[in-house]
Amino acid sequence: MQAFIFRNKNKITFTSGLLILSAFISLWGFKNETIFEILLIIASVIGTIPIALQAYQSLVVKVISIDVLVTIAVVGAFIIKNYEESAIVTFLFLFGAYLEQRTLNKTRSAIKALTEMAPESALKKMSNGEFEEVDVFDVDIGDTLMVMTGSKVPVDGTVIIGEGSINEASITGEAIPVGKELDSKVFAGTILENGTLQVVADRVGEDTTFGRIIELIEEAQDSKSEAERFIDKFSKYYTPIVLVIAGLVYLFTKDIELAITILVLGCPGALVIGVPVSNVAGVGNGASHGVLLKGSEVIHDFSRTDTFIFDKTGTLTIGEPEVSETLFYGDKDTNDLAYLSNIEKESNHPLAKAIIEEIGSTTTYDVEDTEVVKGGGIVARVNNQRVIVGNTMLMLNENIELSEQVLKDEARLEAEGNSLVLTAVDGKLKVMMGIKDQIRKGIIEDLAALKALGAKHLIMLSGDNQGSVDVVAKQLGLTEAHGNLLPEDKSSYVKKLKAEGRIVAFVGDGVNDSPSLALSDIGIAMGSGTDVAIETSDVVLMNSDMSRLPHAYGLAQATARNMLQNILIAVGVVLFLLASVLFTEWMNMSIGMLLHEGSILVVIFNGMRLLRYNNKQKGEI
């Protein structure tokens with residue numbers, strides 16, 4: 001029966017509200033006080049049932065919660081036949097719980113999503129030398145496996161035969177595929193975009209890097225149990241005090257109606273609704289500004305955050321390499337770019353797409369005698385001219401002269417974090433392109449806004465090389481920047497900062513960020529990131545718009561202040577009512593109820609002010 005009642009608690013809340021509305025319609029519209037009282041009695045009874053059950057459960061574990069006080073107050077209101085108060089109090093209490101439930105009960109299916117992404121099978125070399133498809137759990141350390149184009153790497157291992165490019169975004173978060181050759185390390189869950197590899201298994205199953213990501217999320221979710229709500233903590237002291245005061249009043253005065261009046265007026269209606277209305281208004285404001293805040297506890301912790309950790313690719317940067325600069329040497333010939341574009345269309349190099357998009361539409365030529373130079377680039381014949389496209393080493397090997405100016409340009413572009421693609425035509429260097437992942441538009445202003453709101457530490461953690469990380473960090477004015485990190489390195493760093501007493505928010509968008517998102521006090525996911533990152537996070541920035549982050553941070557602070565204001569208003573009114581009942585002659589049930597219901601309206605209107613919050617206007621709530 002208890003399970004049935006709690007399962008239908010929201011339906012009970014709706015029914016209670018409908019009965020109260022019908023009661024007032026019968027009174028105001030038809031002047032029928034009998035129907036008015038009957039409907040209020042029914043609303044009180046059905047509304048009290050789940051509250052009374054919760055009160056009983058708390059008493060079983062020796063906790064006197066607000067549920068206990070509400071139950072006693074409703075019984076008391078029945079005794080003095082104040083059905084209106086009992087019905088309204090129960091409805092407000094249930095409705096407040098419903099509002100919090102809507103924002104707090106966000107199902108997190110990160111573990112399931114990750115499990116579905118994990119490789120399920122592998123091509124294993126059998127004793128007869130043939131490769132057969134087997135379940136990934138049938139792979140042992142030392143087995144030789146084949147990975148085909150488009151397939152997931154089933155284990156952590158070492159390449160023994162073949163070459164190819166692997167998308168390691170699920171592990172490092174970096175969008176640019178990584179070239180693999182003999183003795184290169186590969187990771188389970190990554191995808192071979194081109195080529196064919198044979199690898200020997202070094203780690204399998206749960207011991208792989210991908211398996212450890214899943215384990216890290218499980219541990220983090222276990223360690224992030226929901227904090228006890230402030231109101232429950234407050235009621236630990238508040239509820240017994242009100243009960244003791246009512247009991248003492250009855251013992252000394254023998255006035256049962258006065259004692260019950262104290263219980264009724266002491267029932268914290270405004271306190272019950274004050275925090276949820278602030279929470280819902282804050283969440284509603286966030287939603288209208290493209291921010292998802294997952295509950296009042298998230299808002300509370302987020303408002304106190306002093307350290308922001310950012311992933312680089314897809315978070316501080318766009319996540320797709322672009323040509324940042326094009327330099328020409330000698331006579332500028334548009335055919336040179338056409339030759340380059342046509343050769344790149346033949347290439348599967350990760351930077352080829354950026355070059356083709358930069359050049360745009362050009363004359364189409366046949367590309368002949370193509371020779372791919374391992375680790376260097378491509379040599380081909382286009383329009384009867386020998387064209388060399390690749391890195392500096394390839395140019396030197398092909399005896400292409402690099403002037404002092406070229407070397408200076410090369411050093412400058414590399415220092416700015418660019419990957420270089422050089423083009424030579426008939427033995428002469430013609431074009432140099434610098435390609436890099438561009439920082440997000442407006443990100444510098446967004447980070448400055450975070451600092452203005454109170455963020456003390458802005459840190460970047462990335463799987464990219466330290467040089468690229470340092471370049472981005474210098475551009476953005478970050479406090480710290482660390483590169484060459486695997487997921488477990490990032491999560492270890494988060495643990496370290498939390499151990500130092502910092503309130504840490506981690507901003508990321510990939511599967512590899514999920515452990516850190518879960519371990520941090522506040523996990524913030526980019527809305528276009530993976531479902532896993534979004535499910536694991538506490539805050540989601542829709543459409544991956546970083547300009548929403550300062551608004552979310554400021555909104556959390558404003559909402560936390562608003563919650564505190566409502567708590568102080570609610571408690572202050574209750575204390576005033578109790579003091580007036582005990583120590584003055586003018587306070588009675590009617591005046592007390594008027595002030596009591598008025599305080600509920602005050603906290604509601606105060607909470608609704610959050611809907612107007614706009615960080616750009618520096619609004620104070």
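# Exercises on burial, pairing and salt bridges

Glu 404 is exposed, with 57% relative accessible area. That value comes from a predicted model, and the exercises below all work on this model. Let's begin with the residue just named.

## Exercise 1: A salt bridge along a helix

Find the salt-bridge partner of Glu 404 and say where the two residues lie.

Solution.
- Step 1. Look for the charged partner: Lys 408 forms a salt bridge with Glu 404, and their closest N and O atoms are 3.7 Å apart.
- Step 2. Check the distance against the cut-off: a salt bridge needs a side-chain nitrogen of Lys or Arg within 4 Å of a carboxyl oxygen of Asp or Glu, so this pair qualifies.
- Step 3. Place the pair: both residues belong to helix α17 (residues 404-415), four residues apart, which is about one turn of the helix.
- Step 4. Recall the exposure of Glu 404: at 57% it is over the 50% limit and therefore counts as exposed.

## Exercise 2: A buried pair

Are Asp 311 and Lys 490 buried or exposed, and which parts of the chain does their salt bridge link?

Solution.
- Step 1. Start with the contact: the closest N and O atoms of Asp 311 and Lys 490 are 3.2 Å apart, and the two form a salt bridge.
- Step 2. Locate the partners: Asp 311 sits in the loop between β9 and α13 (312-316), while Lys 490 is in helix α20, so the pair links distant parts of the chain, 179 residues apart.
- Step 3. Read the accessibility: Asp 311 has 0% and is buried; Lys 490 also has 0% and is buried.
- Step 4. Put the pair in context: a search of the whole structure gives eleven salt bridges.

## Exercise 3: A pair with two kinds of exposure

Classify Arg 502 and Glu 500 by exposure.

Solution.
- Step 1. Their side chains meet in a salt bridge at 3.6 Å, N to O.
- Step 2. Arg 502 has a relative accessible area of 18%, which is under 20%, so Arg 502 is buried.
- Step 3. Glu 500, at 46%, counts as partly exposed.
- Step 4. For a further example of charged residues, see Glu 325, Arg 412 and Glu 416, which are joined into one network by salt bridges that share partners.

## Exercise 4: Reading a mixed sheet

What is the strand order of the open sheet of seven strands, and which helices pack on the part that holds β16 and β17?

Solution.
- Step 1. Trace the order: β8-β20-β19-β18-β9-β16-β17, with mixed pairing.
- Step 2. Find the edges: β8 (291-293) and β17 (480-482) each pair on one side only.
- Step 3. Note the twist: neighbouring strands are turned by 15° against each other on average, direction ignored.
- Step 4. Zoom in on one pair: β9 (residues 307-310) and β16 (residues 457-461) are parallel and share four bridges; in β16, Thr 307 has His 457 as its bridge partner.
- Step 5. Add the helices: α19 (residues 466-476) lies across β16 and β17, at about 160° to β17. Helix α20 (residues 487-499) also packs on the sheet, where it touches β9, β16, β17 and β18 (504-508), and its direction makes about 160° with that of β18.

## Exercise 5: One strand, two partners

How many bridges join β7 to β3, and how many to β4?

Solution.
- Step 1. Strand β3 (residues 144-147) runs antiparallel to β7 (residues 191-203), with four bridges between them. Here Leu 145 is matched with Val 199 of β7.
- Step 2. Strand β4 (residues 156-167) is also antiparallel to β7, over eleven bridges. In this case Thr 158 is matched with Val 200 of β7.

## Exercise 6: A buried arginine in a loop

Which backbone oxygen does the side chain of Arg 440 reach, and what surrounds this residue?

Solution.
- Step 1. Arg 440 is in the loop between β15 (428-439) and α18 (443-452).
- Step 2. With 17% relative accessibility, Arg 440 counts as buried.
- Step 3. Its side chain reaches the backbone oxygen of Thr 315 at 2.7 Å.
- Step 4. Beyond the neighbours within four places in sequence, the contacts of Arg 440 include Gly 314, Leu 316, Met 526 and Met 546.

Methods:
Residues numbered from 1 in each chain as written. Predicted model: local features only at pLDDT ≥ 70, side-chain atom pairs only at ≥ 80, totals over all residues. Heavy atoms only, no water. Pairing = 2+ DSSP bridges. Axes fitted to C-alpha atoms, helices over the stretch in contact; angles between N-to-C directions. Contact = heavy atoms within 4.5 Å. Buried < 20%, exposed > 50% of the residue type's maximum accessible area, 1.4 Å probe, protein only. Polar contact = N/O pair within 3.5 Å; in protein donor to acceptor, adjacent residues only side chain to side chain.
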